[in-house]
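Here is a friendly walk through one model, written for someone who likes to check claims against coordinates. Keep the viewer open as you read.

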Amino acid sequence: MPAEMTMLADHPARQLLDFNQRLDINLLDNVVNSMHHDIGSQQRVAQEVLTNLKDHPDAWTRVDTILEFSQNMKTKVRLEETRVCFPR
């Protein structure tokens, strides 16, 4: 297993990928901040979480919650950039 996957398996941000749980908006905002401001392994974990979240078949069910409750404009912009709410 690659080192990044091992880090993600133990990382708290992994809960963002559990669609049986309520979306933790603060955690999502923190992961997006990490993607934009951190370097190295923290940034790689953030990228992996966001990519997996975007690619999840039920990602569209989170769009309204993110747009309504996120306090981080970068999270909302990231949503548009990844086109989670639009079919590819």
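D55 has a relative accessibility of 47%, and because the partly exposed class lies between 20% and 50%, D55 belongs there. The structure is a predicted model, so treat every value here as computed from predicted coordinates. D55 forms a salt bridge with K54, and the closest N and O atoms of the pair are 3.2 Å apart. K54, at a relative accessible area of 22%, is partly exposed as well. How many salt bridges does the count come to? The total is one.

Four residues make a handy table of accessibility, each of them partly exposed.

| Residue | Relative accessibility | Class |
|---|---|---|
| D55 | 47% | partly exposed |
| K54 | 22% | partly exposed |
| N33 | 29% | partly exposed |
| L67 | 44% | partly exposed |

**The overall fold**

The protein has five helices and zero strands, and from the N terminus on its elements read α-α-α-α-α. Of its 88 residues, 35% count as buried. The exposed area is about 5,700 Å², with carbon and sulfur atoms supplying 52% of it. If you look at contacts between residues at least 6 apart in sequence, 60% of them join residues at least 24 apart.

**Helix 3 and the core**

Helix 3 covers residues 41-55. Does its length come out as expected or not, and what are the numbers behind that? With 15 residues at 1.5 Å a residue, helix 3 should span 21 Å, and its end C-alpha atoms are 21 Å apart, so the two agree. The buried residues of helix 3 are V45, A46, E48, V49, L50 and L53. An α-helix has 3.6 residues a turn, so residues three or four places apart point the same way.

The largest nonpolar core has 19 residues, and those with the most contacts inside it are L16, L23, L28, V31, V49, L50 and I66. Helix 2 (25-37), helix 3 and helix 4 are the elements that give two or more residues to this core. Helix 2 gives the most, with six residues.

Which residues does L16 touch, leaving out those up to four places away in sequence? L16 touches L23, D24, L27, L28, V31, V49, L53 and R62.

**Two partly exposed helix residues**

N33 sits in helix 2. Beyond its neighbours within four places in sequence, N33 is in contact with D38 and N72. The C-alpha atoms of N33 and Q43 are separated by 9.2 Å, with their positions ten residues apart along the chain counted as the offset.

L67 belongs to helix 4, which runs over residues 63-69. Not counting residues up to four places away in sequence, L67 touches K76 and L79. L67 and I25 are 42 residues apart along the chain, and their C-alpha atoms are separated by 9.9 Å.

**How confident is the model?**

The mean pLDDT of the protein is 82, and 78% of its residues reach 70 or more. Where is confidence lowest, and where is it highest? Confidence is lowest in helix 1 (residues 3-10), at a mean of 53, and highest in helix 2, at 92. Over residues 1-6, pLDDT stays under 50, and the model has four contacts beyond four places in sequence for that stretch.

Note on methods: Residues numbered from 1 in each chain as written. Predicted model: local features only at pLDDT ≥ 70, side-chain atom pairs only at ≥ 80, totals over all residues. Heavy atoms only, no water. Helix = DSSP H or I, 4+ residues; strand = E, 2+ residues; numbered from the N terminus. Buried < 20%, exposed > 50% of the residue type's maximum accessible area, 1.4 Å probe, protein only. Contact = heavy atoms within 4.5 Å. Areas by Shrake-Rupley, 256 points an atom, 1.4 Å probe, with all protein chains shown as cover. Expected span 1.5 Å × (residues − 1). Core = buried A, V, L, I, M, F, W, Y, C linked by side-chain atoms within 4.5 Å. Salt bridge = Lys/Arg side-chain N within 4 Å of Asp/Glu carboxyl O. pLDDT = per-residue confidence, 0-100.
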